[in-house]
Amino acid sequence: MFLSIYLSFYVAIASLAGVGISTPMHDSHINYTTVTGYFLQDEASTNTSTFSFIDTNFGLINRTYATDVTYDPNGQKTQWQRFENQVFKLNRESGRKVQYKLIFMGRHGEGYHNAAESYYGTPAWNCYWSLVDGNGTVRWDDAQVTPEGVKQALAVNAFWASELKIQKVPPPRSYYT
């Protein structure tokens, strides 16, 4: 499946460099580090060629958290609600320069360029076909999705709607393209 969602739980550590009284401007950077133990995508045992985020609750590992004892003592919350509470706790207890973030990264469904690579083979695609705009029948210079890609996108849309409603996945607060 060409359409994929990459999901990672990151800790973002903002560091300041060059801090000094005589320095009028401060250089800064953000260091993102994956926090393992929360998503199947981070597990070495996960086969990335067959992994389906749709079949695995976006890959969120079904586990307990130390916060479950007080947040969900009767086991009524969804895995996502409990995970969101865990992230809230981590942020509350972290230092001023540390933030925990959940990042959803999506990729388009099957495009004509993907179909062309499958048709011509990766070596021919890499050496020639990827360097041209199309083959005289189909153009792939503007990553248009195939009918299969549209079908994939609709399936993911339905999955998102279901997860938001049933699993109570926290909706993204920011979107970037």
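Mentor: Let's start with a term: contact means heavy atoms within 4.5 Å. This is a predicted model, where local features need pLDDT of at least 70, side-chain atom pairs count only at pLDDT 80 or more, and totals for chains, interfaces and linings use all residues. Residues are numbered from 1 along each chain as its sequence is written, and side-chain values use heavy atoms, with hydrogens and water left out.

Trainee: Which residues does Thr78 touch, not counting residues up to four places away in sequence?

Mentor: Those are Ile166, Gln167 and Lys168. Thr78 itself sits in the loop between α1 and α2; helices here are DSSP runs of H or I with at least four residues, strands are runs of E with at least two, and both are numbered from the N terminus.

Trainee: What makes the approach of the Thr78 side chain to the backbone oxygen of Gln167 a polar contact?

Mentor: A polar contact is a pair of N or O atoms within 3.5 Å; within protein, one must be able to donate a hydrogen and the other to accept it, and residues adjacent in sequence count only if both atoms are side-chain atoms. The Thr78 side chain reaches that oxygen at 2.6 Å, so the distance is met.

Trainee: Why is Thr78 called buried?

Mentor: Buried means under 20% relative accessible area, exposed means over 50%, and partly exposed is in between (1.4 Å probe, protein chains only). Thr78 has 14% relative accessibility, so it counts as buried.

Trainee: Why is the pair Arg82 and Asp72 called a salt bridge?

Mentor: The term asks for a side-chain nitrogen of Lys or Arg within 4 Å of a carboxyl oxygen of Asp or Glu. The closest N and O atoms of Arg82 and Asp72 are 3.9 Å apart, so the pair qualifies. Arg82 lies in helix α2 (residues 79-93) and Asp72 in the loop between α1 (68-71) and α2, so the pair ties together parts that are ten residues apart in sequence.

Trainee: Are those two partners buried or exposed?

Mentor: Arg82 is buried, at 10% relative accessibility, and Asp72 is buried too, at 9%.

Trainee: How do you know that Glu93 and Lys89 form a salt bridge?

Mentor: Their N to O distance is 3.0 Å, so the cut-off is satisfied. Both lie in helix α2, four residues apart, about one turn of the helix. Glu93 is exposed at 53%, whereas Lys89 is partly exposed at 21%.

Trainee: How many salt bridges does a search of the whole structure find?

Mentor: The search finds six.
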